[in-house]
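Visitor: Could you walk me through how some of the helices pack here? I'd also like to hear about a pocket afterwards.

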Amino acid sequence: MFERFTKDARAVVESAVAQAERTGAATVDAEHILLALLDREASRASFALASLGVAEERKESVRQSLAESRRHAGLSQAESDALAGLGIDVAQIVARVEEVHGVGAMSGDRKGKSGLSGRRPFSRGARNVLERSLRTAVARHDRRIGDEHMLLALTIRPGVPGEVLADHGVTYESLVRVLYGDGEAKAG
């Protein structure tokens with residue numbers, strides 16, 4: 001599949017791995033792909049994000065939303081709401097854990113911990129984003145998989161990255177309009 005990736009898409013994958021290594025994460029997650037996309041310049045995905053109002057200041061807001069989700073063990077707002085419906089207050093649990101173990105204890109980040117060396121494997125969620133990128137490119141009749149296909153894939157899969165993007169006005173439909181100039185939303 002990687003032979004079909006454009007230069008920009010390959011750079012996103014490499015940057016996602018670097019993001020995971022920088023935070024000490026055990027795996028490369030979908031969130032790392034989104035963070036890598038936010039760092040891109042002069043690519044189709046960066047153009048689309050800028051066109052939808054996600055410029056530098058708003059990119060920082062996306063990063064902060066992802067960090068806040070990481071503090072809550074990677075739970076999406078929908079998952080937190082479902083737990084709240086069962087009487088479980090995620091914010092209260094996080095506060096208690098952080099009181100004992102420090103801020104970010106539930107994030108899964110392993111800063112300062114040894115034992116992680118070499119390449120990080122891609123989580124199921126990150127692999128799913130890459131697979132959906134391929135499906136999206138094929139559905140759009142694009143010959144290559146670009147970083148814009150990764151961005152589109154993030155918007156159509158459930159989870160924190162898609163939720164954070166939607167909260168910032170980036171949806172599959174809005175991306176299709178910006179990238180292709182049509183309302184035809186062929187999800188992969």
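Guide: This is a predicted model, and a good place to begin is helix 2, which passes helix 8 in a left-handed crossing. The contact is made by Ala-30, Ile-33, Leu-34 and Leu-37 on the helix 2 side, and by Asp-147, Met-150, Leu-151 and Leu-154 on the helix 8 side.

Visitor: What's the split into nonpolar, polar and charged in that contact of helix 2 with helix 8?

Guide: Seven of the residues in the contact of helix 2 with helix 8 are nonpolar, one is charged, and none is polar.

Visitor: And at what angle do helix 2 and helix 8 pack?

Guide: Helix 2, residues 30-39, and helix 8, residues 147-156, pack at about 135°, and their axes lie 10 Å apart. An angle of that kind makes helix 2 oblique to helix 8.

Visitor: OK, what about helix 8 and helix 10, how far apart are their axes?

Guide: The axes of helix 8 and helix 10 are 9 Å apart, with helix 10 covering residues 172-180 and the pair packing at an angle of about 160°. Helix 8 is therefore roughly antiparallel to helix 10, and the crossing of these two helices is left-handed.

Visitor: Which residues in helix 8 and helix 10 meet?

Guide: From helix 8 there are Glu-148, His-149, Leu-151, Leu-152, Thr-155 and Ile-156, and they meet Tyr-172, Leu-175, Val-176, Leu-179 and Tyr-180 in helix 10. By class, the residues of this contact between helix 8 and helix 10 divide into eight nonpolar, two polar and one charged.

Visitor: Is the crossing of helix 3 with helix 10 left-handed or right-handed?

Guide: Helix 3 passes helix 10 in a right-handed crossing, where Arg-44, Phe-47, Ala-48 and Ser-51 of helix 3 make contact with Leu-175, Val-178 and Leu-179 of helix 10. Of the residues in that contact of helix 3 with helix 10, five are nonpolar, one is polar and one is charged.

Visitor: Switching topic, how much space lies in the second largest pocket?

Guide: The second largest pocket holds about 260 Å³ of space. It is lined by 18 residues, and the closest to its centre are His-72, Leu-75, Ser-76, Gln-77 and Ser-80.

Visitor: Which elements give two or more residues to that lining?

Guide: Those are helix 4 (56-71), helix 5 (77-85), helix 6 (90-101) and helix 9 (160-167). The lining of the second largest pocket is made up of seven nonpolar, six polar and five charged residues.

Methods
Residues numbered from 1 in each chain as written. Predicted model: local features only at pLDDT ≥ 70, side-chain atom pairs only at ≥ 80, totals over all residues. Heavy atoms only, no water. Axes fitted to C-alpha atoms, helices over the stretch in contact; angles between N-to-C directions. Helix = DSSP H or I, 4+ residues; strand = E, 2+ residues; numbered from the N terminus. Parallel < 35°, antiparallel > 145°, perpendicular 65-115°, else oblique. Left-handed = near helix turned anticlockwise from the far one by under 90°. Contact = heavy atoms within 4.5 Å. Nonpolar A, V, L, I, M, F, W, Y, C, P; charged D, E, K, R; others polar. 1 Å grid on protein atoms, 1.4 Å probe; cavity = no way out; pocket = protein on both sides within 12 Å on 5 of 7 lines; lining within 4 Å. Points joined across faces, edges and corners; volume = space filled by probe spheres on them.
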